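Colleague: I should like to learn how to read a sheet in a protein model. May we look at one together?

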Amino acid sequence: MSDSTLAPDIDQALYALSPEGRKLLFTEAKTAYDFSDKPVGDDRLQAIYELFKWAPTSANINPLRIAYVRTEEGKQRLLTGVAQPNQEQTASAPVTAVLAADTRYPEYVPFLAPSNPQLQQMLEANQELRESHMDFNAVLQAGYFVLAVRAAGLAAGPMKGFNAAAVDKEFFPDGRWRSILLVNIGYPGAEAYRDRLPRPSYEQAVQLV
């Protein structure tokens, strides 16, 4: 089975992932803007986590946290911090994941990286290092989270169009978690997808050195 979205001169045998898997995760996957009212069960939300948690991070620090917002009351609280153009799609999603960086992630480092016993102290003593590691790795994990949503058979609508300070005040008032991305999650609705926009070509984006 060929994949028409890939360059025609690429040997399909080069890919370990099946054509169906490539379509699900990459070549036919699109951001969702409209969702059906079919509910998303707890088992599927956990399935997303069980995939996402294997994302690579520096020294295995894993700073990303998730708040699944799915009640009507929770959605109303969330919508107050969402930019107006994104409110309709967020309201239609049965679940919105608030992805947040845990500012006190070094607490878990002795468990997560036992082979590096000095790492927790080093991170806690150096704010610039601690925050740079947190920011980079949380964003890296967020990308894997979107892939995990797709792999769990759901549509994903990642968004940066929200007031992070307002969302943090509403959901994380102790200041420990800082929101970085919202991801609407559910089954696609009738108007879920838009036409795909172009991407840079291999020649435009890649250097061989």
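Modeller: Let us begin with a single pair of residues: Arg-65 has Ala-100 in β2 as its bridge partner. Strands here are DSSP runs of E with at least two residues, helices are runs of H or I with at least four residues, and both are numbered from the N terminus. This is a predicted model, in which local features need pLDDT of at least 70, side-chain atom pairs count only at pLDDT 80 or more, and totals for chains, interfaces and linings use all residues. Residues are numbered from 1 along each chain as its sequence is written, and side-chain values use heavy atoms, with hydrogens and water left out.

Colleague: In which sense do β1 and β2 pair, and over how many bridges?

Modeller: Strands of a sheet pair through backbone hydrogen bonds, either parallel or antiparallel. Two strands count as paired if DSSP finds at least two bridges between them. Here β1 and β2 pair in the antiparallel sense, over 6 bridges. Strand β2 (residues 95-102) also pairs with β4 (residues 177-186), in the antiparallel sense over 8 bridges. Within β4, Leu-181 is the bridge partner of Leu-99, and Leu-182 stands opposite Val-98.

Colleague: What is the order of the strands in the open sheet?

Modeller: The 4 strands follow the order β1-β2-β4-β3, with antiparallel pairing. The edge strands, each pairing on one side only, are β1 (64-69) and β3 (155-159). From one strand to the next, the twist averages 30 degrees.

Colleague: Which residues of β2 are buried on its two faces?

Modeller: In a regular strand the side chains alternate between the two faces of the sheet. Buried means under 20% relative accessible area, exposed over 50%, and partly exposed in between, with a 1.4 Å probe and protein chains only. On one side of β2, Val-95, Ala-97, Leu-99 and Ala-101 are buried, and on the other side Thr-96, Val-98, Ala-100 and Asp-102 are buried. Because 8 of the 8 residues of β2 are buried, the strand is largely enclosed by the rest of the structure.

Colleague: Is Leu-14 buried or exposed?

Modeller: Leu-14 counts as exposed because its relative accessibility is 64%. Leu-14 is placed in the segment before α1 (19-27).

Conventions. Axes are lines fitted to C-alpha atoms, for helices over the stretch in contact, and angles run from 0 to 180 degrees between N-to-C directions.
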